[in-house]
Amino acid sequence: MTESVPPSAPPPRRKRSARFTEIAAAAGVGTATVNRVLNEHGGVSAETTARVLAAARQLGVPRVLPDPRHGLTRFDVVLARSETPYFRRLDLALTRAVQVLDRRILVHCHVVDATDAAQVRERLTRPRHRRDGLIVALHDTPDVRAALREQVDAGVPVVTLMSGIGDVPGLHYAGIDNLGAGRTAGHFIGRLAHRPGRVLRLTNTLDYRAHADRLRGCAEVLAERHPLIDPGAPVPCHDDADRCQLALRHALAAAQRDGVPLVGLYHSGAGSAGIAAELQRLAPAERPIWVGHELSDEHRTLLRLGLLDLVIDQDPDGQIASALHHLLHASGHVEQPAPAEPNEFRLFCAENIRGGPYLAG
């Protein structure tokens, strides 16, 4: 009797390699773009190249993929000129971050007069070298929007620090939720004031979207949860201590004249020395709840003195790290994208002040 031998199993089928159409669909581009990237024909932006290569890796293309990092990678940073502690710390954070980058990555920092539209446009739209990425901290103006729109349309990855820029699709924001920060200020003022009254809201200028969002958030929370506290109209003081002091003096005089106490003070910018000088003329029980921004050395002292109640710190070092992460991903140097959500902010009062100097190098 002859045993029947079962037929042998067919050999495993070799996995079909991904076609250009599949890579194109995954990367959101056309097949011609995939062909140019994988065969290194050039003419494709760094951000698109990174997407195509990431899609090809994910689909398991059985070939050696091109290295997009030929030559030097150049990032431009354009910052508004400012002597505030935040901008000085931002500059130090950038200096520290650049020191640990690959030598093939060059970062060029430019400081501009934010009120000089021609100078700002020159820096944004006419780089002196090939530009692989752009980081900005500027006013939200029509001229800035138009210039950034040109850069995005040209395929340049753009990151905004501290303050978002409106009506420009494709920007990456590396900063805190400023509306949330303002709502936090309004929450604590409303909870700590314990009585009806009026709030003085001081700011740098509403041309910065960050400041507009902060003041709006504060007013929203007071209207929603503390309707007996009037948020008042915002007062631009342009980070000037004398203007801040004068605005507070006028608010205190109005409170005495109208019989409506000033129960809160929210300052979204700098110039706190003027506020402190005016508050020191009042008895502690007469002083409004004061919420400010950035744990500067000045604010640390004011917290300890009991003049300032709460500080919202936005961590410039974290913003620089997030911005560079986004550009490094867009230019193909790192595979993982930067988080899409805003950076976290931190709250400080007299009981949890950190020890080191704010502007440590």
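**Strand pairing, helix packing and selected residues**

The side chain of His-293 makes a polar contact, at 2.7 Å, with the side chain of Tyr-266. In this predicted model, His-293 belongs to strand S10, which spans residues 289-293, and its relative accessible area of 3% places it among the buried residues. When residues up to four places away in sequence are not counted, the residues touched by His-293 are Ala-181, Arg-214, Tyr-266, His-267, Ser-268, His-299, Val-311 and Ile-312.

Strand S10 pairs in the parallel sense with strand S9 over 3 bridges, and within this pairing Gly-264 stands opposite Ile-289 of S10. Strand S9 comprises residues 262-267, and 6 of its 6 residues are buried, so that S9 is largely enclosed by the rest of the structure. Strand S9 is also joined to S6, by 5 bridges and again with the two strands running parallel; here Gly-264 of S9 is the residue that stands opposite Val-199. Gly-264 is thus placed opposite Val-199 as well as opposite Ile-289 of S10.

The loop between S10 and helix H11 (297-305) contains Ser-296, which counts as buried at 4% relative accessibility. Ser-296 and Asp-239 are separated by 57 residues in sequence, and their C-alpha atoms lie 14 Å apart in space.

A separate description applies to the sheet that includes strand S3. This open sheet is formed by 5 strands in the order S2-S1-S3-S4-S5, with parallel pairing. Strand S2 (105-112) and strand S5 (172-174) stand at the edges of the sheet, and because each has a single partner strand, one side of each is left without a neighbour in the sheet. On average, and with direction ignored, neighbouring strands of this sheet are turned by 20° against each other.

Within the order of strands, S3 (residues 133-137) lies between S1 and S4, and 5 of the 5 residues of S3 are buried, so that the strand is largely enclosed by the rest of the structure. In a regular strand, side chains alternate between the two faces of the sheet. In S3, Gly-133, Ile-135 and Ala-137 point one way, whereas Leu-134 and Val-136 point the other way, and all of these residues are buried. Strand S1 (residues 73-80) pairs with S3 in the parallel sense over 5 bridges, and the bridge partner of Phe-75 in S3 is Gly-133. The pairing of S3 with S4 is likewise parallel and extends over 3 bridges, with Thr-160 in S4 as the bridge partner of Val-136. Strand S4 (residues 158-161) is in turn joined to S5 by 3 bridges, the two strands running parallel, and Val-159 stands opposite His-172 in S5.

Two helix pairs were examined for their packing geometry. Two packed helices are described by the angle between their axes and the distance between the axes. For helix H2 (residues 31-38) and helix H3 (residues 46-58), the packing angle is about 90° and the axes are 10 Å apart, which means that H2 is roughly perpendicular to H3. In this contact, Thr-33, Val-34, Val-37 and Leu-38 of H2 meet Thr-48, Thr-49, Val-52, Leu-53 and Ala-56 of H3, and the participating residues divide into 6 nonpolar, 3 polar and no charged.

For helix H5 (residues 117-125) and helix H6 (residues 142-153), the axes come within 9 Å and cross at roughly 10°, which means that H5 is roughly parallel to H6. Helix H5 contributes Ala-117, Val-120, Arg-121, Leu-124 and Thr-125 to the contact, while helix H6 contributes Asp-143, Val-144, Ala-147, Leu-148, Glu-150 and Gln-151. The residues of the contact of H5 with H6 divide into 6 nonpolar, 2 polar and 3 charged; in the contact of H2 with H3, by contrast, no charged residues take part.

Positive phi values are found in two loop residues that are not glycine. His-194, with a phi of about 65°, lies in the loop between helix H7 (178-193) and strand S6 (197-203) and counts as exposed at 68% relative accessibility. Asp-315, whose phi is near 60°, is found in the loop between strand S11 (310-313) and helix H12 (316-330).

Notes: Residues are numbered from 1 along each chain as its sequence is written. This is a predicted model: local features need pLDDT of at least 70, side-chain atom pairs count only at pLDDT 80 or more; totals for chains, interfaces and linings use all residues. Side-chain values use heavy atoms; hydrogens and water are left out. Two strands pair if DSSP finds at least two bridges between them. Helices (H or I, at least four residues) and strands (E, at least two) are DSSP runs, numbered from the N terminus. Axes are lines fitted to C-alpha atoms, for helices over the stretch in contact, and angles run from 0 to 180 degrees between N-to-C directions. Angles under 35 degrees count as roughly parallel, over 145 as roughly antiparallel, 65 to 115 as roughly perpendicular and the rest as oblique. Contact means heavy atoms within 4.5 Å. Ala, Val, Leu, Ile, Met, Phe, Trp, Tyr, Cys and Pro count as nonpolar, Asp, Glu, Lys and Arg as charged, and the others, Gly among them, as polar. Buried means under 20% relative accessible area, exposed over 50%, partly exposed in between (1.4 Å probe, protein chains only). A polar contact is a pair of N or O atoms within 3.5 Å; within protein, one must be able to donate a hydrogen and the other to accept it, and residues adjacent in sequence count only if both atoms are side-chain atoms.
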